[in-house]
Amino acid sequence: MSRSKKQGHFIGFFFPIQAYKRLLEIRLLAGARTNAAVVREALRYYEFYLKYQKEGYRIQLAKDDHVIEIEIE
């Protein structure tokens, strides 16, 4: 469902129970005020990831001398 508004669009999503729980956990971790804010931020990260993945980049997390390579499927 999508309803146009003057400054954007309303989009409704169906989340299975586990996915909704995950959304709420991420919302708490992020300190976000709304579920929509979590989804918008996730889209920004995903867009960033896809652009660089297309160029052959990989994601890594580093802490001191410890590096973990992340594979997202």
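**Entry 1: Asp64**

I started with a cut-off: a residue is exposed when its relative accessible area is over 50%, and buried when that area is under 20%. I kept in mind throughout that this is a predicted model.

With that cut-off in hand I looked up Asp64. Its relative accessibility is 75%, so Asp64 counts as exposed. I found Asp64 in the loop between β3 (59–63) and β4 (66–70). I also checked its backbone: Asp64 has a positive phi of about 55°, although it isn't a glycine.

**Entry 2: the two helices**

Next I went to helix α1, residues 17–30, and helix α2, residues 35–54. How do their axes cross? I got roughly 85°, with the axes coming within 10 Å. Angles from 65 to 115 degrees count as roughly perpendicular, so that is the word I wrote down for α1 and α2.

Then I listed who meets whom. On the α1 side I noted Tyr20, Leu23, Leu24, Ile26 and Arg27; on the α2 side, Asn35, Val38 and Val39. I sorted the residues of this contact by type and got six nonpolar, one polar and one charged.

I checked the lengths too. α1 has 14 residues and reaches 20 Å from its first C-alpha to its last, close to the 20 Å expected at 1.5 Å a residue. α2 has 20 residues and reaches 28 Å between its end C-alphas, again close to the expected value, which is 28 Å here.

I looked just past the helix ends as well. Gly31 comes just after α1 and takes a positive phi of about 70°. Gly56 comes just after α2, and its positive phi is about 95°.

**Entry 3: aromatic rings**

How many aromatic pairs does a search of the whole structure find? The search gave me four. One of them is Tyr46 with Tyr49, a stacked pair with 6.3 Å from centre to centre and 20° between the planes.

Both of these tyrosines sit in helix α2, three residues apart, which is about one turn of the helix. I wrote a reminder for myself: an α-helix has 3.6 residues a turn, so residues three or four places apart point the same way.

Is Tyr49 buried or exposed? Its relative accessibility is 13%, so I put Tyr49 down as buried. Tyr46 comes out at 46%, so I put Tyr46 down as partly exposed.

I then looked at Tyr52 and Tyr57. Their ring centres are 5.3 Å apart and their planes are at 80°, so I noted this pair as edge-to-face. Planes over 60 degrees apart get that label. Phe48 joins Tyr52 and Tyr57 in one aromatic cluster. Tyr52 has a relative accessible area of 38%, so I marked Tyr52 as partly exposed.

**Entry 4: Ile72**

I moved on to the segment after β4, where Ile72 lies. Which residues is Ile72 in contact with, leaving aside its neighbours within four places in sequence? I found Tyr49 and Ile59. Tyr49 is the buried tyrosine from my previous entry, at 13%. Ile72 itself is at 43% relative accessibility, so I called Ile72 partly exposed.

I also took a distance from Ile72 to Leu61. They are 11 residues apart in sequence, and their C-alphas are 13 Å apart in space.

**Entry 5: Ala36 and Gly8**

Ala36 is in helix α2. Its relative accessible area is 41%, so Ala36 goes down as partly exposed. Between Ala36 and Ile11 I counted 25 residues in sequence and 9.6 Å in space, C-alpha to C-alpha.

Last, I looked up Gly8, which is in strand β2, residues 8–11. Gly8 is at 26% relative accessibility, so Gly8 counts as partly exposed. How far apart in space are Gly8 and Glu73? I got 30 Å from C-alpha to C-alpha, for a pair that is 65 residues apart in sequence.

How values were computed: Residues numbered from 1 in each chain as written. Predicted model: local features only at pLDDT ≥ 70, side-chain atom pairs only at ≥ 80, totals over all residues. Heavy atoms only, no water. Axes fitted to C-alpha atoms, helices over the stretch in contact; angles between N-to-C directions. Helix = DSSP H or I, 4+ residues; strand = E, 2+ residues; numbered from the N terminus. Parallel < 35°, antiparallel > 145°, perpendicular 65-115°, else oblique. Contact = heavy atoms within 4.5 Å. Nonpolar A, V, L, I, M, F, W, Y, C, P; charged D, E, K, R; others polar. Phe/Tyr/Trp six-rings, centres within 6.5 Å; stacked < 30°, edge-to-face > 60°. Buried < 20%, exposed > 50% of the residue type's maximum accessible area, 1.4 Å probe, protein only. Expected span 1.5 Å × (residues − 1).
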